[in-house]
Amino acid sequence: MIDYPKLQRQVDQHSYPLVFATISGAHLYGFPSPDSDFDLRGIHLLPFEEVVGLNERHETLEKSGIHDGLEIDLVTHDAHKFFSLMLKKNGYVLEQVLSPLVVYSTPEFEELRAIAPRCVTRYHAHHYLGFADTQWKLFQKENPPRVKPLLYVYRVLLTGIHLMRSGELEANLQVLNETSRLPYLPELIARKLAGPEQGTLTVADLDFHAREYQRLVTELEQAAGATDLPEISNVKPALHDLLVRLRRKGAVG
């Protein structure tokens, strides 16, 4: 159960006006543990003086800790930085824009959500392959191995495969597995949903999951090679126009 009013109170205390705030992390991916924190991500809008002046620009702001009884990790980027990331084939920020778990919204956010799918290209496969490689290395380093990083590996690979095949960005592992039908995922997800963040696996499972990891990496590479997604996106003018309007709005406000 997500306590949106409590999360909203944390968003309301932000230092700068927000364009949006959504929930990412395990809650978005469909496997939050009872003790999972809430990963809030979004865009803030720097004031005119900070954009054009010589003082330090607070392009990224982070806040973490226990607030209102909830463990919260809040990270926001200024609109310019966030839009730049959207143009760099960064699937992570697109997932934040398209997250169905919305804590705070504005009309400009709804406009951004309409633009975001047009950012996707065939080269977003590299983002998911790289992300999966990082998560797999983290999983391998742990002793005993934990369920959480393994689920992140599968989530990232299945998101990438689904994106290359359908052009749609889906981050929820349970939804993704309705198509992939990997028989071992429901049990892993159930363990994560019911147990603590530190839930572990047996060493005997490692060889099996190593084979599955390599198989899905190959599947993602093949899907990227066969995708109908374009090589380049045409959204820069739309994002530029939205950013200019946000700056003007901020300057007037």
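Where is His-14 found? His-14 lies in the loop between α1 (4-12) and β1 (18-24), and the points below begin with the model as a whole before they return to this residue.

1. On the model itself. This is a predicted model, in which local features need pLDDT of at least 70 and side-chain atom pairs count only at pLDDT 80 or more, while totals for chains, interfaces and linings use all residues. Residues are numbered from 1 along each chain as its sequence is written, and side-chain values use heavy atoms, with hydrogens and water left out.

2. On the overall fold. The chain holds twelve helices and five strands, where helices (H or I, at least four residues) and strands (E, at least two) are DSSP runs numbered from the N terminus. The radius of gyration is 19 Å, close to the 18 Å that the globule rule gives for 253 residues, so the chain is as compact as a globular protein of that length; the radius is taken over C-alpha atoms, and the rule is 2.2 Å times the number of residues to the power 0.38. Along the principal axes, the C-alpha atoms fill a box of roughly 60 × 45 × 30 Å.

3. On burial and contacts. Of the 253 residues, 49% count as buried, a term that means under 20% relative accessible area, with exposed over 50% and partly exposed in between (1.4 Å probe, protein chains only). Among the contacts (heavy atoms within 4.5 Å) with a separation of 6 or more, 74% come from residues 24 or more positions apart.

4. On the β3 and β4 hairpin. Strand β3 (residues 60-67) and strand β4 (residues 70-78) run antiparallel and are joined by eight bridges; two strands pair if DSSP finds at least two bridges between them. His-67 stands opposite Leu-70 in β4, and in this hairpin, which has two residues between the strands, Asp-68 takes a positive phi near 55°.

5. On His-14 again. Is this loop residue buried or exposed? With a relative accessible area of 15%, His-14 is buried. Leaving aside residues up to four places away in sequence, His-14 touches His-44, Leu-61, Leu-74 and Thr-76; of these partners, Leu-61 falls within β3 (residues 60-67), and Leu-74 and Thr-76 fall within β4 (residues 70-78).

6. On Val-147. This residue is found in helix α8 (residues 147-166) and counts as buried, at 3% relative accessibility. Val-147 and His-240 are 93 residues apart in sequence, and their C-alpha atoms are 41 Å apart in space.
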